[in-house]
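Biologist: Got the model open? I'd like to go through a few sites with you.
Modeller: Sure, pull it up and ask away.
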Amino acid sequence: AKEQGRNSYQYYTQALNDTGQDRLALEYALNQALEREEFAVYYQPQIDTRTGAISHMEALARWQHPQLGFISPAQFIPIAEQNGAIVALGHWVLRQACAQAKIWQQLGMSITVGVNLSPRQLRDGALLEMVDQTLAQTNLETSLLELEITESATLHNLTQAQSVLMDLHRMGIGLALDDFGTGYSSLSYLKQFPLDTLKIDRSFVMDLLTQDKDVAIAKAILELGRGLDLRVVAEGVETEELQQLLQNFGCQHMQGYLFSRPLPALEATHLLQTQQST
Ligand code: C2E
Ligand code: CA
Ligand code: CA
Ligand code: CA
């Protein structure tokens, strides 16, 4: 038993070392990735199921490393968040997304882009000016931008977050509370923040067909949205059965693989154009 204990201990530290090294390697690569133009922005549509039309596109960062291959945002966003690289990356994603929304508008399509804002960005004193400048440089109307924040984003300094969000709202920028229901103090945020949209987290959506608890939660969020006059978007809708069920609950806005995976800009544009002509 003693021998086994020692082995498992060694195994454990080995695993820790590996993770630490992977992390360091990733962190190092991440710091160069922007300059080396290894990032791309993909776009995933949000459908208004009443009309079938795409109303919004969420911008999602993609990283293709020349040696390491495709690295998921679930891996690199937390690292970028910790080492601060998210500020430059987030700025870059915002600029791409705003420029893309402008192109769509020039093609005759009014599509709002959703851009994820990390907690660190929300705490960054230069955020407002950065957003303002980016909108000016891309010549995009503020109403065609929606920023997605997560509930944890605001924990550090609620008053500061509230004041930044108020300013963004006054500029005419839309605000979405992302992954709703998974964070902290959701309900007080609904009261304190000038929100336009609630996104029901995928974890409440995926098992709706079998889990009564998820049904109760999803219905309650939709009811909250109606009462507070918020657009409610269900994330992670993968099947027609799910779409039908959500529609029965009065959910109008959906995002998920059923409609489309996140697409590179050109493919997203093609999708919008085929929709427009039908
Ligand atoms: P999120 O903001 O909740 O984005 C939705 C995620 O769900 C995306 O994962 C999307 O590809 C995935 N998804 C959409 N529909 C479905 C579906 O039907 N089924 C399943 N299984 N998944 C679906 P992705 O692109 O891997 O991004 C993961 C997370 O990384 C995002 O979650 C977001 O928190 C973060 N992220 C991505 N890009 C950015 C960015 O530019 N800035 C910041 N701050 N965070 C980002
Ligand atoms: Ca999001
Ligand atoms: Ca989300
Ligand atoms: Ca999520």
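Biologist: Is Asp201 buried or exposed?
Modeller: Keep in mind that this is a predicted model. In it, Asp201 has a relative accessible area of 12%, so Asp201 is buried, the cut-off being under 20%.
Biologist: Which metal does Asp201 go to?
Modeller: Asp201 (OD) is a donor of the calcium ion (ligand 4), along with Asp179 (OD). These protein donors lie 2.6 to 3.0 Å from the ion.
Biologist: And where do Asp179 and Asp201 sit in the chain?
Modeller: Asp179 is in strand E6, while Asp201 is in the loop between strand E7 (197–200) and H8. They are 22 residues apart, and the pair links distant parts of the chain.
Biologist: How far apart are ligand 4 and ligand 3?
Modeller: Those two calcium ions are 3.3 Å apart, and Asp179 coordinates both.
Biologist: Then what coordinates the calcium ion (ligand 3)?
Modeller: Asp178 (OD), Asp179 (OD) and Glu235, which is listed twice through OE. The distances run from 1.9 to 2.8 Å. The sequence spacing of those donor residues is D-D-x55-E.
Biologist: Asp178 and Asp179: buried or partly exposed?
Modeller: Asp178 has 6% relative accessibility, so Asp178 counts as buried. Asp179 comes out at 23%, and therefore counts as partly exposed.
Biologist: OK, on to ligand 2. Which residues coordinate that calcium ion?
Modeller: Glu58 (OE), Asn116 (OD1), Glu148 (OE) and Asp178 (OD), at 2.2 to 2.3 Å. Along the sequence, the spacing is E-x57-N-x31-E-x29-D.
Biologist: Which residue coordinates both ligand 2 and ligand 3?
Modeller: That's Asp178, and the two ions are 3.7 Å apart. Glu58 in strand E2 and Asp178 in strand E6 are 120 residues apart, so to speak a pair that links distant parts of the chain. Glu58 is buried, and so is Asp178.
Biologist: Switching to pockets. What volume does the largest one have?
Modeller: The largest pocket has about 1200 Å³. It is lined by 42 residues, and the closest to its centre are Glu58, Leu60, Asn116, Asp178 and Asp179.
Biologist: I recognise some of those names. Which element gives the most to that lining?
Modeller: E2 does, with five residues. Other elements that give two or more include helix H2 (73–83), helix H3 (85–106), strand E4 (112–116) and strand E6 (174–180).
Biologist: How does the lining of the largest pocket divide between nonpolar, polar and charged?
Modeller: There are 18 nonpolar residues, 14 polar and ten charged.
Biologist: What about closed space, how many cavities of 30 Å³ or more are there?
Modeller: The count is one cavity. The space in the largest cavity is about 30 Å³.
Biologist: What lines the largest cavity?
Modeller: Gly90, Leu94, Val115, Leu117, Gln121, Leu127, Met130, Val131 and Leu147. H3 and helix H5 (127–138) are the elements giving two or more residues to that lining, with H5 providing the largest share, three residues. By class, that's seven nonpolar, two polar and no charged residues.
Biologist: New topic, His253. Where does that one lie?
Modeller: His253 lies in strand E9 (residues 253–255). His253 is buried, because its relative accessible area is 11%.
Biologist: What is His253 in contact with, leaving aside neighbours within four places in sequence?
Modeller: Ile47, Asp48, Arg231, Val232, Val233 and Ala234.
Biologist: And how far is His253 from His56?
Modeller: In space, 9.7 Å from C-alpha to C-alpha, though they are 197 residues apart in sequence.
Biologist: Last one, Thr49. Which loop is that in?
Modeller: Thr49 is found between strand E1 (39–48) and strand E2 (53–65). Its relative accessibility is 14%, so Thr49 counts as buried.
Biologist: What does the side chain of Thr49 reach?
Modeller: The backbone oxygen of Gln252, at 2.8 Å. Beyond neighbours within four places in sequence, Thr49 is in contact with Gln243, Gln247, Cys251, Gln252 and Met254.
Biologist: Great, that's what I was after.

Notes:
Residues numbered from 1 in each chain as written. Chains lettered and ligands numbered in written order. Predicted model: local features only at pLDDT ≥ 70, side-chain atom pairs only at ≥ 80, totals over all residues. Heavy atoms only, no water. Helix = DSSP H or I, 4+ residues; strand = E, 2+ residues; numbered from the N terminus. Buried < 20%, exposed > 50% of the residue type's maximum accessible area, 1.4 Å probe, protein only. Polar contact = N/O pair within 3.5 Å; in protein donor to acceptor, adjacent residues only side chain to side chain. Contact = heavy atoms within 4.5 Å. 1 Å grid on protein atoms, 1.4 Å probe; cavity = no way out; pocket = protein on both sides within 12 Å on 5 of 7 lines; lining within 4 Å. Points joined across faces, edges and corners; volume = space filled by probe spheres on them. Nonpolar A, V, L, I, M, F, W, Y, C, P; charged D, E, K, R; others polar. Donors = N, O, S within 2.8 Å, 3.2 Å for Na, K, Ca; no water.
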